[in-house]
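Student: Before I accept the labels attached to this model, I would like to go through them with you and ask what each of them rests on.
Tutor: Then let us take the labels in turn and set each against its criterion.

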Amino acid sequence: MSSDVNNSEPLVKIRNLRFCRGERAIFDGVDIDIPRGGITAIMGPSGTGKTTLLKLIGRQLHPESGTIEVDGQDIHRLSTRELYELRMRMGMLFQSGALLTDLNVYDNVAYPLREHTRLPESMVRKLVLMKLEAVGLRGARKLMPSELSGGMARRVALARAIALDPMMIMYDEPFTGQDPISKGVLVELIREVNQASRLTSIVVSHDVEETAAIADVIYVISNGKVVARGPSDEVANSDAPWVKQFMRGLPDGPVPFHFPACDLEQDLLGS
Amino acid sequence: MIDRLASLGRIGLGSLERLGRGHLLLFGIIGGLSDMVRRPRLLIAQTHSVGVLSILIITVSGLFVGMVLGLQGHYILSQFGAEETLGVMVAASLVRELGPVVTALLFAGRAGSALTAEIGLMKATEQLSGLEMMAVNPIKRVLTPRFAAGVISMPLLAAMFSAVGVIGGYFVGVGLLGVDDGAYWSQMQAKIDLREDVFNGIIKSLVFGVVCSWIALFQGYDATPTSEGVSRATTRTVVHSALAVLGLDFVLTALMFGED
């Protein structure tokens with residue numbers, strides 16, 4: 001766990017966030033602080049809006065009300081130019097990797113450098129190889145995205161996300177669908193990248209064990225509200241029934257095992 | 001009754017909303033043209049994919065259409081003893097109408113559907129979102145070069161279609177049916193007007209290029225990001241493009257060749 005969590009002004013400050021899809025409120029009065037220099041986990045069951053939260057922080061979606069400040073700037077009030085300048089300092093790792101399928105691994109990692117800097121190609125090459133070395137895929141630089149496994153694609157996407165040395169990275173379900181070795185590699189990479197680059201990480205996940213192992217702070221979201229927040233071990237050992245059921249993966253509890261039905265005896269006897 | 005009216009209203013509002021989104025996208029695409037000039041490699045790559053790879057289907061189709069025109073034209077003209085004007089008939093039909101229209105229909109089926117599927121899949125696999133989060137505008141970087149490539153390619157492909165069609169008509173008319181070689185070419189040279197026929201054909205092609213590329217890109221960009229959504233969007237591209245090309249062809253023909 002990172003010991004560099006900075007107690008100063010949070011990097012991301014979400015206040016009274018409300019976001020709806022149709023009639024359904026995904027978030028209703030959510031307050032979240034993402035501290036600088038640490039790993040913050042946003043957890044919750046599937047369909048609770050964790051990915052939506054990352055898209056709101058990156059302004060790919062707009063909230064109904066409330067504010068989201070990133071590095072002191074209200075992201076939903078920025079001009080397009082200011083937004084793009086801020087996004088250059090934000091990295092995002094999509095669940096699918098979101099690699100450009102017509103470019104090989106090397107060109108994918110070089111893409112943001114070529115787009116946003118005027119570095120000579122020799123310097124781009126050095127930077128790309130260093131980033132790929134950091135994720136252990138320097139030898140795979142000539143492969144196309146279709147030739148990569150899911151875990152490798154996410155590692156390439158991570159190398160691309162850190163290419164411009166951002167101040168923060170948002171990870172969208174980084175462990176979903178990964179085998180134990182890939183999970184272990186990704187857990188280690190997220191921790192190492194966070195410490196080595198001194199950046200702020202937001203990990204959205206419902207893989208409790210892996211996420212709790214690296215997170216400094218955990219937020220648990222359910223039904224549009226934050227139901228638990230605090231240091232990782234505190235939330236992991238919470239006695240609140242819902243949080244306890246989620247964090248320990250208990251089959252029955254406030255979220256019942258049985259779908260609501262009439263009495264079993266009556267049902268069997270057909271009366 | 002009220003429910004039916006309400007659903008009718010919803011459909012109308014939905015269509016207007018889509019039309020609005022389509023126009024906003026078009027403005028965004030056009031706004032990216034100046035940016036694209038600084039990155040000509042993107043345009044060259046897309047012109048290859050959209051235009052060069054369509055040449056085969058366009059030229060083969062043009063050849064057969066020209067041959068059919070030669071056959072049908074000779075059959076009708078010979079009844080009036082006017083076989084020598086076959087060249088004019090073939091060329092005028094191709095340059096004014098069939099070249100731009102059939103090329104646009106083939107373009108929508110070959111390149112338009114491919115554009116929609118490509119953009120739709122880029123959306124479904126979060127590549128467009130990924131570009132946005134890398135502070136790269138996907139409309140300028142991905143859509144504008146494809147749009148420009150479509151607009152540039154269409155008149156060139158239509159010109160190829162017409163040229164190959166004229167040769168196809170020559171093979172059948174002169175080679176098989178015995179129309180006089182000199183009459184075929186000289187009548188064509190005398191009667192086909194550069195401004196009236198050729199330029200108007202080019203203008204039609206340019207308009208069809210804008211419309212077909214716009215429809216294809218919008219359908220891809222606006223597609224529901226699922227396999228079913230992309231499949232539906234691809235179908236819509238072909239249907240909407242075909243209808244738009246045929247409808248616009250009537251309007252343009254009336255404006256260009258109507259009674260003065």
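Student: What makes β1(A) and β2(A) a pair of strands?
Tutor: Keep in mind that this is a predicted model. Two strands pair if there are at least two bridges between them, and eight bridges join β1(A) to β2(A), which run antiparallel, so the pair meets the criterion. Within this pairing, A:Cys20 stands opposite A:Ala25 in β2(A).

Student: How many residues lie between β1(A) and β2(A), and which residue in the turn has a positive phi?
Tutor: The two strands form a hairpin with two residues between them, and in its turn A:Gly22 has a positive phi of about 65 degrees. A positive value also occurs in strand β1 of chain A itself, where A:Asn16 is placed; its phi is near 50 degrees, and A:Asn16 is a residue other than glycine. Another such residue is A:Arg59, with phi near 60 degrees, which is found in the loop between α1 and β4 of chain A.

Student: How do you know that β1 of chain A also pairs with β4 of chain A?
Tutor: The criterion asks for at least two bridges, and five bridges join β1 (residues 12-21) to β4 (residues 65-70) of chain A, which run antiparallel, so these strands count as paired too. A:Ile14, for instance, stands opposite A:Ile68 in β4(A).

Student: Why are β2 and β5 of chain A called edge strands?
Tutor: The open sheet has four strands in the order β2-β1-β4-β5 (chain A), with antiparallel pairing. Because β2 (24-34) and β5 (73-74) of chain A each have a single partner strand, one side of each is left without a neighbour in the sheet.

Student: What does helix α1 of chain A lie across?
Tutor: Helix α1 (residues 50-57) of chain A lies across β1, β2 and β4 of chain A, running at about 120 degrees to β1(A).

Student: What makes the pairing in the six-stranded sheet of chain A mixed or uniform, and which strands stand at its edges?
Tutor: The order in this open sheet is β6-β7-β8-β3-β9-β10 (chain A), and the pairing is mixed. The edges are held by β6 (90-93) and β10 (225-231) of chain A; each has a single partner strand, so one side of each lacks a neighbour in the sheet. From one strand to the next, the twist averages 15 degrees. One parallel pair is formed by β3 (residues 39-43) and β8 (residues 200-205) of chain A, which are joined by five bridges, and here the bridge partner of A:Thr40 in β8(A) is A:Ile202.

Student: Which helices lie across strands of this sheet?
Tutor: Among them is helix α5 (residues 150-161) of chain A, which lies across β6 and β7 (168-172) of chain A and runs at about 175 degrees to β6(A). Helix α9 (residues 241-248) of chain A lies across β3, β9 (217-222) and β10 of chain A, running at about 110 degrees to β9(A).

Student: Why is the contact between A:Lys131 and A:Asp165 called a salt bridge?
Tutor: The rule requires a side-chain nitrogen of Lys or Arg within 4 Å of a carboxyl oxygen of Asp or Glu, and these side chains meet at 2.9 Å, N to O, so the pair qualifies. A:Lys131 lies in helix α4 (residues 121-134) and A:Asp165 in the loop between α5 and β7 of chain A, so the pair ties together parts that are 34 residues apart in sequence.

Student: How do you know that A:Glu115 and B:Arg39 form a salt bridge?
Tutor: Their side chains meet at 3.5 Å, N to O, and the limit is 4 Å, so this pair qualifies as well. The count between chain B and chain A is two salt bridges, and nine residue pairs are in polar contact across the interface.

Student: What else makes up the interface of chain B and chain A?
Tutor: The contact takes 16 residues from chain B and 21 residues from chain A. Together the chains bury about 1600 Å², 54% of it on carbon and sulfur atoms, and B:Glu126, B:Met133 and B:Met134 supply 42% of the area that chain B buries against chain A.

How values were computed: Residues numbered from 1 in each chain as written. Chains lettered and ligands numbered in written order. Predicted model: local features only at pLDDT ≥ 70, side-chain atom pairs only at ≥ 80, totals over all residues. Heavy atoms only, no water. Axes fitted to C-alpha atoms, helices over the stretch in contact; angles between N-to-C directions. Contact = heavy atoms within 4.5 Å. Buried area = accessible area lost by both parts, 1.4 Å probe. Polar contact = N/O pair within 3.5 Å; in protein donor to acceptor, adjacent residues only side chain to side chain.
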